[in-house]
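Me: I would like a close look at one part of this protein, with enough of the surroundings to place it. Could you walk me through it?

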Amino acid sequence: MPFHIIRHDITKVTADAIVNPANTKPVIGSGTDSAVYEAAGKEKLLAARKKIGEIPPGHAEYTLAFDLSAKYIIHCAGVLWEDGTHGEWDILRSCYKTSLALAEQLNCNSIAFPLLATGAYGYPKAEALNVALQEIGRFRLKTESRKKDMDIYLVMFDKQSLELSGKEFDVIEQYIDESYVTAQREREYAADSRAMRRFQSETQSEFNTFHKFTQIIPEPTSDMMSEYLRLHKGKSFRETLMKYIAESGMENAEVYKKANIDRKLFSKIIGKTDYSPRTDTIIALALALELDIFQTNELLKSAGRALSGSERDALLRLCIERKIYNIMHVDTLLFEHGMNTLT
């Protein structure tokens, strides 16, 4: 699971590198910057930072992490939000891009970011999050040559650190309202019951015809019915998944990176014919492949899984119906609503 969104104090996160939203000049600022200096050892870190000198906005340099659990502190100079017309977007993008490139140069296997520029710099949180997810996503998709995916953490100190539900998500609360969930569950249950009865009737009819034609024995047995169902069952999960991958035109590496699963798990999924992954993993793959809700249900059913009537599954269904396929966005929505993330 290369990308993770977590609620924690970034100074206590165990990672090869943590990113500090630093001042351009070698002085101790407020907020996260001050907390990093206190936790790392103020005098030692400040002396190391002074050796670097001034850091231009959007650029990054590193020091040792001293008393932190990390190996390195990547000091990235952010951008002061004015009105969005003074290059703030480009500078914030550069913060993530240069920090990730520096972590790669340092051979880091993990890096932890706060949501940059949203504290004293005043960058709107929803827009800052979009920048973070876009740049992290670009980095993950382009690093094909790495033997191991870099684990990237987006660290929120508390729930109020996020507050990202912008206008595109303002229908979520209504969508997952209890009355909707109950009604949806009842509709799906009724539909599934009718479909099951129809399937059982059709299957029994087909079997009776099959039995009459072959005249195996005078009366069909339950064992014969089971064997008939086994021979006439639908495609396996692996077969269904490979069909959708082929239709997508994507390479395997792009699929597992977009699904935010590691290559070892993906190799197991496509390499073992009888392997049945968790429901969340299947949803992640459906998002990566940009399947619609009917295709997603087919993929789930091929593994003996299904979306339930829970609020969490209602939110996931909404994301699929609204074509919100970026799994980092989906995980962030789940995180904001106090639900377990997919990956």
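What share of the contacts in the protein with a separation of 6 or more comes from residues 24 or more positions apart? And with that as background, please look closely at the packing of helix 4 against helix 14.

Reply: Happy to. One thing to keep in mind from the start is that this is a predicted model.

Your opening question has a clear answer: of the contacts with a separation of 6 or more, 67% are between residues 24 or more positions apart. The protein has 343 residues, of which 46% are buried, and its secondary structure comprises 14 helices and 6 strands.

Now to the pair you asked about. Two packed helices are described by the angle between their axes and the distance between the axes. Helix 4 covers residues 125-142 and helix 14 covers residues 327-336; their axes lie 10 Å apart and make an angle of about 140°. Roughly antiparallel would need an angle over 145 degrees, so helix 4 and helix 14 are classed as oblique to each other. Their crossing is right-handed. On the helix 4 side, the contact is made by L129, N130, L133, I136 and G137, and on the helix 14 side by M328, H329 and T332. By character, the residues of this contact split into 4 nonpolar and 4 polar, with no charged ones.

Just ahead of helix 14 there is a backbone detail to look at. K323 sits in the loop between helix 13 (311-321) and helix 14, and its phi is near 60°, a positive value in a residue other than glycine. With a relative accessibility of 59%, K323 counts as exposed, since the cut-off is over 50%. N260 also has a phi near 60°, again positive in a residue other than glycine. N260 belongs to the loop between helix 9 (252-258) and helix 10 (263-271), but its relative accessible area is 1%, so N260 is buried.

From helix 4 we can also step towards the interior. In soluble globular proteins, nonpolar side chains tend to be buried together. Here the largest nonpolar core holds 76 residues, and the members with the most contacts inside it are L92, I111, F113, L154, L241 and L285. L92 is a good one to start from: it lies in helix 3 (residues 88-105) and, at 0% relative accessibility, counts as buried. Beyond its neighbours within four places in sequence, L92 is in contact with V79, L116, A117, Y123, A128 and V131. Two of these contacts, A128 and V131, fall in the 125-142 range of helix 4. The C-alpha atoms of L92 and H59 are 9.5 Å apart, although 33 residues separate the two along the chain.

F113 is another of those members of the core with the most contacts. Not counting residues up to four places away in sequence, F113 touches I10, V19, Y96, S99, L100, I152, Y153, L154 and V155. Apart from this core lies another one, of 15 residues, including V36, Y37, L68 and A70.

For a contrast with L92, try K51 in helix 2 (residues 42-52). K51 is exposed, with a relative accessible area of 77%. Its C-alpha atom is 8.5 Å from that of P26, and the two residues are 25 apart along the chain.

Notes:
Residues numbered from 1 in each chain as written. Predicted model: local features only at pLDDT ≥ 70, side-chain atom pairs only at ≥ 80, totals over all residues. Heavy atoms only, no water. Axes fitted to C-alpha atoms, helices over the stretch in contact; angles between N-to-C directions. Helix = DSSP H or I, 4+ residues; strand = E, 2+ residues; numbered from the N terminus. Parallel < 35°, antiparallel > 145°, perpendicular 65-115°, else oblique. Left-handed = near helix turned anticlockwise from the far one by under 90°. Contact = heavy atoms within 4.5 Å. Nonpolar A, V, L, I, M, F, W, Y, C, P; charged D, E, K, R; others polar. Core = buried A, V, L, I, M, F, W, Y, C linked by side-chain atoms within 4.5 Å. Buried < 20%, exposed > 50% of the residue type's maximum accessible area, 1.4 Å probe, protein only.
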